[in-house]
Amino acid sequence: MAVPHPRPIIGGGGIGDEFPTLESAAELLSTLKVLDVKRIDTAALYLLTNIGASETYLGELGAADQGFTLNTKPLALGLEANGTLSPEAIEKSLATSYERLKLKGHKVDVYTLHVPNYTTPLKD
């Protein structure tokens, strides 16, 4: 049985930083299409200096409508994220991410917890 080839994923942490304008981010998306890279991993936290910028740029550019698969992470503040990964906080962060990403019927593919949260029980 043939092993499927890996699917590359680009980290979206630089969108809004290394790609500081919508125009430069649009050029990045165009290049990714040419290279057949269809997955982008971002986070509610990106950028540290402008929280949510990466998701906002991807939403403004209609990345999901362009065929990109988007992964993101809930907003977790601090090294231990205490309190920011409660079920309520995760739901609020996901709703905000959907708004920023302008998914309009699309869904986040992978929703990864970025850091541990020692104050919220794992079962929660």
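Helix 3, which runs through residues 87-101 of this predicted model, comprises 15 residues and extends 21 Å between its first C-alpha and its last, close to the 21 Å expected at 1.5 Å a residue. Within helix 3, the residues Ser93, Ser97 and Leu101 are buried. These buried residues lie on the same side of helix 3, because the arc they cover around the axis is only 65°. The other side of helix 3 carries Glu88, Glu91, Lys92 and Glu99, which are exposed, where exposed stands for over 50% relative accessible area and buried for under 20%. As for what the buried side meets, the buried residues of helix 3 pack against helix 2, residues 53-60, and against strand 3, residues 69-71. After helix 3 comes lysine 102, and the phi of this residue is positive, near 50°.

From helix 3 the reader can turn to the nonpolar interior. The largest nonpolar core contains 17 residues, and those with the most contacts inside it are Ile15, Leu29, Leu32, Ile40, Leu58, Phe68 and Leu70. Helix 1, which spans residues 22-34, and helix 2 each contribute at least two residues to this core, and helix 1 provides the largest share, namely four residues.

One of the residues with the most contacts inside this core, isoleucine 15, can be followed individually. When its neighbours within four places in sequence are left aside, isoleucine 15 is in contact with Ala25, Leu28, Ile40, Leu47, Ala53, Ser54, Tyr57 and Leu58; among these partners, Ile40 and Leu58 are themselves listed with isoleucine 15 as having the most contacts inside the core.

How values were computed
Residues are numbered from 1 along each chain as its sequence is written. This is a predicted model: local features need pLDDT of at least 70, side-chain atom pairs count only at pLDDT 80 or more; totals for chains, interfaces and linings use all residues. Side-chain values use heavy atoms; hydrogens and water are left out. The expected span of a helix is 1.5 Å times one less than its number of residues. Buried means under 20% relative accessible area, exposed over 50%, partly exposed in between (1.4 Å probe, protein chains only). The arc is that of the directions from the helix axis to the C-beta atoms. Contact means heavy atoms within 4.5 Å. A nonpolar core is a set of buried Ala, Val, Leu, Ile, Met, Phe, Trp, Tyr and Cys residues joined through side-chain atoms within 4.5 Å.
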